[in-house]
Amino acid sequence: MQSWPSRPVPRVPGTPRPLRLHDTATGEIRPTTPGATATMYVCGITPYDATHLGHAATYLAFDLVHRLWLDNGHEVHYVQNVTDVDDPLLERAERDQDDWVVLGMRETALFREDMAALRVLPPRDYLGAVESIPEIVETVAKLLADGVAYRADDKRYPDIYFDHNGSGRFGSVSNYDEPTMARYFAERGGDPERPGKRHPLDALLWRCARPGEPSWESELGAGRPGWHVECSVIALNRLGMTFDVQGGGSDLIFPHHEFSAAHAEALTGEHPFARHYAHAGMIGLDGEKMSKSRGNLVFVSRLRADHVDMMAVRLGLLSGHYRADRAWTADVLADAEARLARWRAALARDTGPDATDTITRLRDHLADDLDTPQALRAVDAWADAALAGEGGDHSAPARLRDAVDSLLGVAV
(Lines give C-alpha, C1' and ligand atoms only; values in the text may rest on other atoms or scores of the structure.)
Protein backbone atom coordinates (compact mmCIF):
# COMPACT_ATOMS: atom_id res chain seq x y z
CA MET A 1 0.00 0.00 0.00
CA GLN A 2 1.30 3.45 -0.90
CA SER A 3 2.13 5.91 1.88
CA TRP A 4 1.99 9.70 1.52
CA PRO A 5 4.89 11.92 0.36
CA SER A 6 7.67 12.79 2.76
CA ARG A 7 9.10 16.24 3.43
CA PRO A 8 12.69 17.21 4.17
CA VAL A 9 13.38 17.79 7.87
CA PRO A 10 15.93 20.56 8.53
CA ARG A 11 18.97 19.76 10.64
CA VAL A 12 19.08 21.93 13.75
CA PRO A 13 22.45 23.02 15.19
CA GLY A 14 23.10 22.43 18.88
CA THR A 15 22.80 19.46 21.19
CA PRO A 16 19.79 17.14 20.81
CA ARG A 17 18.07 15.74 23.90
CA PRO A 18 17.27 12.00 24.23
CA LEU A 19 13.54 11.39 24.34
CA ARG A 20 11.87 10.37 27.59
CA LEU A 21 8.37 8.98 27.06
CA HIS A 22 5.57 7.71 29.25
CA ASP A 23 5.19 3.93 29.18
CA THR A 24 1.68 2.65 29.83
CA ALA A 25 2.93 -0.79 30.89
CA THR A 26 5.08 0.55 33.74
CA GLY A 27 3.26 3.82 34.41
CA GLU A 28 6.59 5.66 34.28
CA ILE A 29 8.24 8.24 32.08
CA ARG A 30 11.35 6.44 30.88
CA PRO A 31 14.07 7.11 28.31
CA THR A 32 13.56 5.58 24.89
CA THR A 33 16.73 3.68 24.05
CA PRO A 34 16.85 3.08 20.30
CA GLY A 35 19.91 1.85 18.48
CA ALA A 36 21.13 3.35 15.22
CA THR A 37 17.64 2.71 13.80
CA ALA A 38 14.70 3.62 16.02
CA THR A 39 11.62 1.43 15.51
CA MET A 40 7.98 2.37 15.95
CA TYR A 41 4.61 0.84 15.13
CA VAL A 42 1.50 3.03 15.28
CA CYS A 43 -1.90 1.47 14.68
CA GLY A 44 -3.65 2.92 11.66
CA ILE A 45 -7.21 3.60 10.65
CA THR A 46 -10.15 1.41 9.78
CA PRO A 47 -11.14 3.35 6.66
CA TYR A 48 -14.90 3.60 6.90
CA ASP A 49 -15.02 7.37 7.50
CA ALA A 50 -12.84 10.43 7.11
CA THR A 51 -9.96 11.43 9.39
CA HIS A 52 -11.22 13.35 12.42
CA LEU A 53 -9.26 15.44 14.90
CA GLY A 54 -9.00 12.55 17.34
CA HIS A 55 -7.07 10.59 14.72
CA ALA A 56 -5.01 13.65 13.86
CA ALA A 57 -3.99 14.25 17.48
CA THR A 58 -2.71 10.68 17.79
CA TYR A 59 -0.66 10.77 14.61
CA LEU A 60 0.76 14.20 15.49
CA ALA A 61 1.97 12.86 18.84
CA PHE A 62 3.92 10.05 17.21
CA ASP A 63 5.12 12.39 14.49
CA LEU A 64 6.88 14.27 17.30
CA VAL A 65 8.49 11.03 18.49
CA HIS A 66 9.68 10.47 14.91
CA ARG A 67 11.09 14.01 14.74
CA LEU A 68 12.85 13.83 18.11
CA TRP A 69 14.57 10.61 17.06
CA LEU A 70 15.67 12.17 13.78
CA ASP A 71 17.06 15.13 15.72
CA ASN A 72 19.06 12.66 17.80
CA GLY A 73 20.63 11.24 14.66
CA HIS A 74 18.66 7.98 14.41
CA GLU A 75 17.28 6.44 11.29
CA VAL A 76 13.61 5.74 11.94
CA HIS A 77 11.78 2.62 10.80
CA TYR A 78 8.13 3.55 11.27
CA VAL A 79 5.38 1.07 10.41
CA GLN A 80 1.64 1.71 10.20
CA ASN A 81 -1.25 -0.51 9.14
CA VAL A 82 -4.65 0.04 7.57
CA THR A 83 -7.45 -2.27 8.74
CA ASP A 84 -8.99 -2.47 5.29
CA VAL A 85 -11.28 -5.40 6.09
CA ASP A 86 -13.23 -5.47 9.37
CA ASP A 87 -16.80 -5.35 10.63
CA PRO A 88 -17.13 -1.53 10.89
CA LEU A 89 -16.02 -1.09 7.28
CA LEU A 90 -18.37 -3.80 6.03
CA GLU A 91 -21.28 -2.43 8.08
CA ARG A 92 -20.76 1.12 6.76
CA ALA A 93 -20.55 -0.14 3.17
CA GLU A 94 -23.79 -2.08 3.59
CA ARG A 95 -25.53 0.90 5.22
CA ASP A 96 -24.53 3.23 2.40
CA GLN A 97 -24.98 0.64 -0.36
CA ASP A 98 -21.32 1.08 -1.23
CA ASP A 99 -18.66 -1.39 -2.31
CA TRP A 100 -16.51 -2.09 0.75
CA VAL A 101 -13.30 -2.16 -1.30
CA VAL A 102 -14.08 1.18 -2.94
CA LEU A 103 -15.08 2.70 0.41
CA GLY A 104 -11.84 1.55 2.02
CA MET A 105 -9.69 2.80 -0.84
CA ARG A 106 -11.48 6.16 -0.92
CA GLU A 107 -11.13 6.84 2.80
CA THR A 108 -7.52 5.64 2.88
CA ALA A 109 -6.68 8.05 0.06
CA LEU A 110 -8.36 10.86 1.99
CA PHE A 111 -6.41 9.93 5.13
CA ARG A 112 -3.15 10.15 3.21
CA GLU A 113 -4.09 13.61 1.94
CA ASP A 114 -4.97 14.73 5.48
CA MET A 115 -1.67 13.45 6.90
CA ALA A 116 0.31 15.20 4.15
CA ALA A 117 -1.57 18.46 4.78
CA LEU A 118 -0.77 18.23 8.51
CA ARG A 119 2.91 17.57 7.64
CA VAL A 120 3.00 14.19 9.39
CA LEU A 121 6.12 12.29 8.33
CA PRO A 122 5.05 9.08 6.58
CA PRO A 123 5.79 5.53 7.72
CA ARG A 124 8.42 3.56 5.86
CA ASP A 125 6.05 0.57 5.70
CA TYR A 126 2.34 1.21 5.20
CA LEU A 127 0.39 -2.03 4.91
CA GLY A 128 -3.20 -3.12 4.68
CA ALA A 129 -4.72 -6.11 6.42
CA VAL A 130 -5.80 -7.59 3.08
CA GLU A 131 -2.30 -7.63 1.62
CA SER A 132 -1.04 -9.18 4.88
CA ILE A 133 -3.46 -12.13 4.90
CA PRO A 134 -0.85 -14.75 3.84
CA GLU A 135 1.37 -13.71 6.76
CA ILE A 136 -1.59 -13.73 9.13
CA VAL A 137 -2.66 -17.21 8.03
CA GLU A 138 0.85 -18.52 8.66
CA THR A 139 0.88 -17.00 12.14
CA VAL A 140 -2.57 -18.28 13.13
CA ALA A 141 -1.65 -21.77 11.94
CA LYS A 142 1.42 -21.70 14.16
CA LEU A 143 -0.57 -20.50 17.17
CA LEU A 144 -2.99 -23.40 16.57
CA ALA A 145 -0.12 -25.86 16.31
CA ASP A 146 1.40 -24.50 19.52
CA GLY A 147 -1.84 -25.03 21.42
CA VAL A 148 -2.46 -21.38 22.30
CA ALA A 149 -5.28 -21.07 19.77
CA TYR A 150 -8.34 -23.23 19.19
CA ARG A 151 -11.43 -23.57 17.06
CA ALA A 152 -14.72 -22.54 18.59
CA ASP A 153 -17.15 -25.34 19.40
CA ASP A 154 -19.43 -24.45 16.50
CA LYS A 155 -19.97 -26.91 13.65
CA ARG A 156 -21.17 -24.25 11.23
CA TYR A 157 -18.60 -21.52 11.96
CA PRO A 158 -15.59 -22.96 13.82
CA ASP A 159 -13.81 -19.61 14.13
CA ILE A 160 -10.30 -19.62 15.54
CA TYR A 161 -9.68 -17.94 18.89
CA PHE A 162 -6.62 -17.10 20.94
CA ASP A 163 -6.44 -18.35 24.52
CA HIS A 164 -6.01 -15.04 26.31
CA ASN A 165 -3.62 -16.68 28.78
CA GLY A 166 -1.54 -18.17 25.97
CA SER A 167 1.45 -15.87 26.49
CA GLY A 168 1.50 -16.18 30.29
CA ARG A 169 1.77 -12.39 30.50
CA PHE A 170 -1.76 -11.25 29.71
CA GLY A 171 -2.50 -7.92 31.39
CA SER A 172 1.11 -6.71 31.38
CA VAL A 173 0.38 -3.87 28.94
CA SER A 174 -2.81 -2.43 30.43
CA ASN A 175 -2.49 -3.63 34.03
CA TYR A 176 -6.31 -3.73 34.14
CA ASP A 177 -8.21 -6.08 36.42
CA GLU A 178 -10.52 -8.65 34.86
CA PRO A 179 -13.79 -6.69 35.35
CA THR A 180 -12.25 -3.69 33.58
CA MET A 181 -10.97 -5.94 30.81
CA ALA A 182 -14.41 -7.50 30.42
CA ARG A 183 -16.07 -4.09 30.14
CA TYR A 184 -13.63 -2.76 27.56
CA PHE A 185 -13.61 -6.01 25.59
CA ALA A 186 -17.37 -5.78 25.14
CA GLU A 187 -17.22 -2.05 24.26
CA ARG A 188 -14.26 -2.20 21.87
CA GLY A 189 -14.93 -4.86 19.31
CA GLY A 190 -14.79 -8.03 21.41
CA ASP A 191 -17.39 -10.82 21.43
CA PRO A 192 -17.54 -12.03 25.06
CA GLU A 193 -20.89 -13.80 24.64
CA ARG A 194 -20.00 -15.70 21.47
CA PRO A 195 -21.08 -19.35 21.96
CA GLY A 196 -18.35 -21.94 21.59
CA LYS A 197 -15.52 -19.91 23.10
CA ARG A 198 -13.62 -21.28 26.06
CA HIS A 199 -13.45 -17.93 27.87
CA PRO A 200 -15.25 -14.61 27.30
CA LEU A 201 -11.91 -12.74 26.92
CA ASP A 202 -10.50 -15.00 24.21
CA ALA A 203 -9.95 -12.96 21.04
CA LEU A 204 -10.80 -13.78 17.43
CA LEU A 205 -7.89 -14.74 15.18
CA TRP A 206 -9.69 -16.04 12.08
CA ARG A 207 -13.37 -15.61 11.21
CA CYS A 208 -14.78 -18.36 9.03
CA ALA A 209 -16.54 -17.27 5.86
CA ARG A 210 -20.15 -16.11 6.20
CA PRO A 211 -22.61 -15.53 3.37
CA GLY A 212 -22.32 -12.02 1.96
CA GLU A 213 -18.94 -11.32 3.61
CA PRO A 214 -15.53 -11.18 1.92
CA SER A 215 -13.31 -14.17 2.59
CA TRP A 216 -10.04 -15.68 1.45
CA GLU A 217 -9.17 -19.33 0.90
CA SER A 218 -6.38 -20.61 3.13
CA GLU A 219 -5.11 -23.61 5.03
CA LEU A 220 -7.32 -22.40 7.90
CA GLY A 221 -10.38 -22.61 5.67
CA ALA A 222 -12.07 -19.71 3.93
CA GLY A 223 -12.32 -16.63 6.12
CA ARG A 224 -10.76 -13.34 7.14
CA PRO A 225 -8.48 -12.18 9.94
CA GLY A 226 -9.33 -10.82 13.35
CA TRP A 227 -8.25 -7.31 14.27
CA HIS A 228 -5.51 -7.75 16.87
CA VAL A 229 -3.50 -10.39 15.05
CA GLU A 230 -3.20 -8.09 12.03
CA CYS A 231 -1.05 -5.63 13.97
CA SER A 232 0.92 -8.39 15.69
CA VAL A 233 1.93 -9.88 12.37
CA ILE A 234 2.68 -6.66 10.52
CA ALA A 235 4.81 -5.30 13.37
CA LEU A 236 6.58 -8.59 14.08
CA ASN A 237 7.47 -9.23 10.45
CA ARG A 238 8.76 -5.68 9.83
CA LEU A 239 10.31 -4.72 13.17
CA GLY A 240 10.81 -7.94 15.12
CA MET A 241 10.34 -8.38 18.83
CA THR A 242 11.22 -5.68 21.33
CA PHE A 243 10.85 -2.74 18.99
CA ASP A 244 11.09 0.69 20.57
CA VAL A 245 7.55 2.15 20.65
CA GLN A 246 4.05 0.78 20.13
CA GLY A 247 1.73 3.75 19.76
CA GLY A 248 -1.92 4.62 19.38
CA GLY A 249 -4.85 6.26 21.09
CA SER A 250 -5.64 5.46 24.71
CA ASP A 251 -8.71 3.50 23.57
CA LEU A 252 -6.32 0.91 22.07
CA ILE A 253 -4.66 0.01 25.38
CA PHE A 254 -7.18 -2.78 25.84
CA PRO A 255 -8.02 -5.01 24.12
CA HIS A 256 -6.02 -4.14 21.01
CA HIS A 257 -2.51 -3.56 22.31
CA GLU A 258 -2.88 -6.13 25.05
CA PHE A 259 -3.77 -8.83 22.53
CA SER A 260 -1.29 -7.69 19.87
CA ALA A 261 1.46 -8.16 22.45
CA ALA A 262 0.04 -11.45 23.74
CA HIS A 263 -0.14 -12.94 20.23
CA ALA A 264 3.46 -12.02 19.44
CA GLU A 265 4.81 -13.13 22.82
CA ALA A 266 2.98 -16.47 22.63
CA LEU A 267 4.27 -16.98 19.11
CA THR A 268 7.93 -16.22 19.86
CA GLY A 269 8.27 -17.07 23.54
CA GLU A 270 9.95 -13.69 23.99
CA HIS A 271 8.87 -10.51 25.74
CA PRO A 272 8.20 -7.66 25.69
CA PHE A 273 6.66 -7.09 22.28
CA ALA A 274 7.57 -3.39 22.54
CA ARG A 275 9.86 -1.55 24.95
CA HIS A 276 7.41 1.33 25.28
CA TYR A 277 3.63 1.46 25.01
CA ALA A 278 2.69 5.09 24.45
CA HIS A 279 -0.89 6.31 24.18
CA ALA A 280 -2.46 9.60 23.18
CA GLY A 281 -5.51 11.06 24.91
CA MET A 282 -8.94 11.51 23.40
CA ILE A 283 -10.18 14.70 21.74
CA GLY A 284 -13.62 15.91 22.77
CA LEU A 285 -16.18 18.29 21.29
CA ASP A 286 -18.76 20.03 23.44
CA GLY A 287 -17.77 17.99 26.48
CA GLU A 288 -17.93 14.57 24.84
CA LYS A 289 -15.29 12.29 23.33
CA MET A 290 -15.11 12.78 19.58
CA SER A 291 -16.15 9.47 18.04
CA LYS A 292 -17.91 8.02 15.03
CA SER A 293 -20.56 6.39 17.20
CA ARG A 294 -21.59 9.77 18.65
CA GLY A 295 -21.46 11.53 15.30
CA ASN A 296 -19.72 14.58 16.81
CA LEU A 297 -16.69 14.58 14.55
CA VAL A 298 -14.60 17.43 13.22
CA PHE A 299 -13.04 16.16 10.02
CA VAL A 300 -9.62 17.29 8.84
CA SER A 301 -10.86 17.22 5.24
CA ARG A 302 -13.76 19.51 6.16
CA LEU A 303 -11.37 21.99 7.73
CA ARG A 304 -9.21 21.81 4.62
CA ALA A 305 -12.24 22.44 2.42
CA ASP A 306 -13.05 25.47 4.58
CA HIS A 307 -9.50 26.77 3.93
CA VAL A 308 -8.44 26.52 7.57
CA ASP A 309 -4.65 26.69 7.78
CA MET A 310 -3.48 23.19 8.67
CA MET A 311 -0.57 24.66 10.63
CA ALA A 312 -3.11 26.33 12.91
CA VAL A 313 -4.86 22.98 13.33
CA ARG A 314 -1.51 21.39 14.14
CA LEU A 315 -0.73 24.09 16.71
CA GLY A 316 -4.21 23.80 18.20
CA LEU A 317 -3.79 20.07 18.75
CA LEU A 318 -0.26 20.53 20.11
CA SER A 319 -1.42 23.19 22.58
CA GLY A 320 -2.54 20.41 24.95
CA HIS A 321 -0.38 17.59 26.24
CA TYR A 322 -0.64 14.49 24.06
CA ARG A 323 -1.62 12.18 26.94
CA ALA A 324 -4.43 14.43 28.17
CA ASP A 325 -8.05 14.05 27.15
CA ARG A 326 -8.88 17.52 25.90
CA ALA A 327 -11.46 19.56 24.05
CA TRP A 328 -11.44 21.03 20.58
CA THR A 329 -13.38 24.28 20.49
CA ALA A 330 -13.67 27.38 18.34
CA ASP A 331 -11.48 29.15 20.91
CA VAL A 332 -8.72 26.52 20.57
CA LEU A 333 -8.62 27.12 16.84
CA ALA A 334 -8.80 30.90 17.18
CA ASP A 335 -5.95 30.91 19.69
CA ALA A 336 -3.88 28.69 17.39
CA GLU A 337 -4.49 30.95 14.42
CA ALA A 338 -3.43 33.98 16.45
CA ARG A 339 -0.32 32.17 17.68
CA LEU A 340 0.61 31.13 14.13
CA ALA A 341 0.18 34.70 12.85
CA ARG A 342 2.35 36.03 15.69
CA TRP A 343 5.10 33.48 15.01
CA ARG A 344 5.05 34.18 11.30
CA ALA A 345 5.24 37.93 11.84
CA ALA A 346 8.17 37.54 14.24
CA LEU A 347 10.05 35.08 12.04
CA ALA A 348 9.58 37.32 9.00
CA ARG A 349 11.66 40.06 10.65
CA ASP A 350 15.25 40.64 9.60
CA THR A 351 16.56 40.27 13.14
CA GLY A 352 15.53 38.97 16.55
CA PRO A 353 16.90 37.82 19.88
CA ASP A 354 19.53 35.10 19.77
CA ALA A 355 17.64 31.83 19.23
CA THR A 356 20.06 29.47 20.98
CA ASP A 357 18.29 29.44 24.34
CA THR A 358 14.85 29.10 22.74
CA ILE A 359 15.97 26.12 20.65
CA THR A 360 17.48 24.54 23.78
CA ARG A 361 14.22 25.02 25.68
CA LEU A 362 12.25 23.66 22.74
CA ARG A 363 14.35 20.51 22.74
CA ASP A 364 14.23 20.17 26.53
CA HIS A 365 10.45 20.39 26.70
CA LEU A 366 9.79 18.03 23.81
CA ALA A 367 12.27 15.48 25.16
CA ASP A 368 10.35 15.52 28.45
CA ASP A 369 7.45 13.29 27.39
CA LEU A 370 6.53 15.60 24.49
CA ASP A 371 5.64 18.60 26.63
CA THR A 372 4.24 20.64 23.75
CA PRO A 373 2.43 23.29 25.85
CA GLN A 374 5.77 24.38 27.34
CA ALA A 375 7.52 24.06 23.97
CA LEU A 376 5.00 26.38 22.33
CA ARG A 377 5.37 28.90 25.14
CA ALA A 378 9.12 28.94 24.60
CA VAL A 379 8.58 30.00 20.98
CA ASP A 380 5.89 32.49 22.10
CA ALA A 381 8.43 34.22 24.36
CA TRP A 382 10.93 34.60 21.52
CA ALA A 383 8.23 35.86 19.14
CA ASP A 384 6.98 38.44 21.64
CA ALA A 385 10.52 39.70 22.19
CA ALA A 386 11.20 39.87 18.46
CA LEU A 387 7.98 41.78 17.79
CA ALA A 388 8.92 44.20 20.57
CA GLY A 389 12.09 44.98 18.64
CA GLU A 390 14.49 43.19 20.98
CA GLY A 391 17.71 41.61 19.73
CA GLY A 392 19.77 42.24 16.65
CA ASP A 393 20.76 38.75 15.55
CA HIS A 394 20.31 38.45 11.79
CA SER A 395 20.56 34.63 11.86
CA ALA A 396 18.01 34.10 14.65
CA PRO A 397 14.75 34.08 12.63
CA ALA A 398 16.04 31.51 10.13
CA ARG A 399 17.52 29.33 12.86
CA LEU A 400 14.33 29.28 14.88
CA ARG A 401 12.19 28.76 11.78
CA ASP A 402 14.19 25.62 11.00
CA ALA A 403 13.87 24.40 14.59
CA VAL A 404 10.09 24.92 14.62
CA ASP A 405 9.85 23.10 11.30
CA SER A 406 12.11 20.24 12.33
CA LEU A 407 10.97 19.61 15.89
CA LEU A 408 7.33 20.72 15.88
CA GLY A 409 6.57 20.08 12.22
CA VAL A 410 5.06 23.55 11.85
CA ALA A 411 5.79 25.45 8.64
CA VAL A 412 6.14 29.12 9.48
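This briefing covers the cysteines and helix α3 of a predicted model. Local features need pLDDT of at least 70 and side-chain atom pairs count only at pLDDT 80 or more, whereas totals for chains, interfaces and linings use all residues. Residues are numbered from 1 along each chain as its sequence is written, and side-chain values use heavy atoms, with hydrogens and water left out.

**Cysteines**

- With a disulfide taken as a pair of cysteine sulfur atoms within 2.5 Å, the count comes to zero.
- Cys-43 is in no disulfide, and the nearest cysteine sulfur, that of Cys-231, is 3.8 Å away.
- That 3.8 Å separation is too far for a bond.
- Cys-43 is buried at a relative accessible area of 5%, where buried means under 20% (1.4 Å probe, protein chains only).
- Cys-231 is also buried, at 1% relative accessibility.

**Helix α3**

- Helices are DSSP runs (H or I, at least four residues) and strands are runs of E (at least two), numbered from the N terminus.
- Helix α3 has 18 residues (100–117), and its end C-alpha atoms are 26 Å apart, in agreement with the expected 26 Å, which is 1.5 Å times one less than the number of residues.
- Its buried residues are Leu-103, Gly-104, Glu-107, Thr-108, Phe-111, Arg-112, Asp-114 and Met-115.
- These residues fall within an arc of 165° seen down the helix axis, so they line one face of α3; the arc is that of the directions from the axis to the C-beta atoms.
- Elements covering them include α1 (53–71), β4 (75–82), α2 (87–95), β5 (125–128) and α8 (300–305).

**Ends of α3**

- Asp-99 caps the N-terminal end, with a side-chain oxygen 2.8 Å from the backbone nitrogen of Val-101.
- Arg-119, just after α3, takes a positive phi of about 65°.

Terms used
Buried < 20%, exposed > 50% of the residue type's maximum accessible area, 1.4 Å probe, protein only. Contact = heavy atoms within 4.5 Å. Polar contact = N/O pair within 3.5 Å; in protein donor to acceptor, adjacent residues only side chain to side chain.
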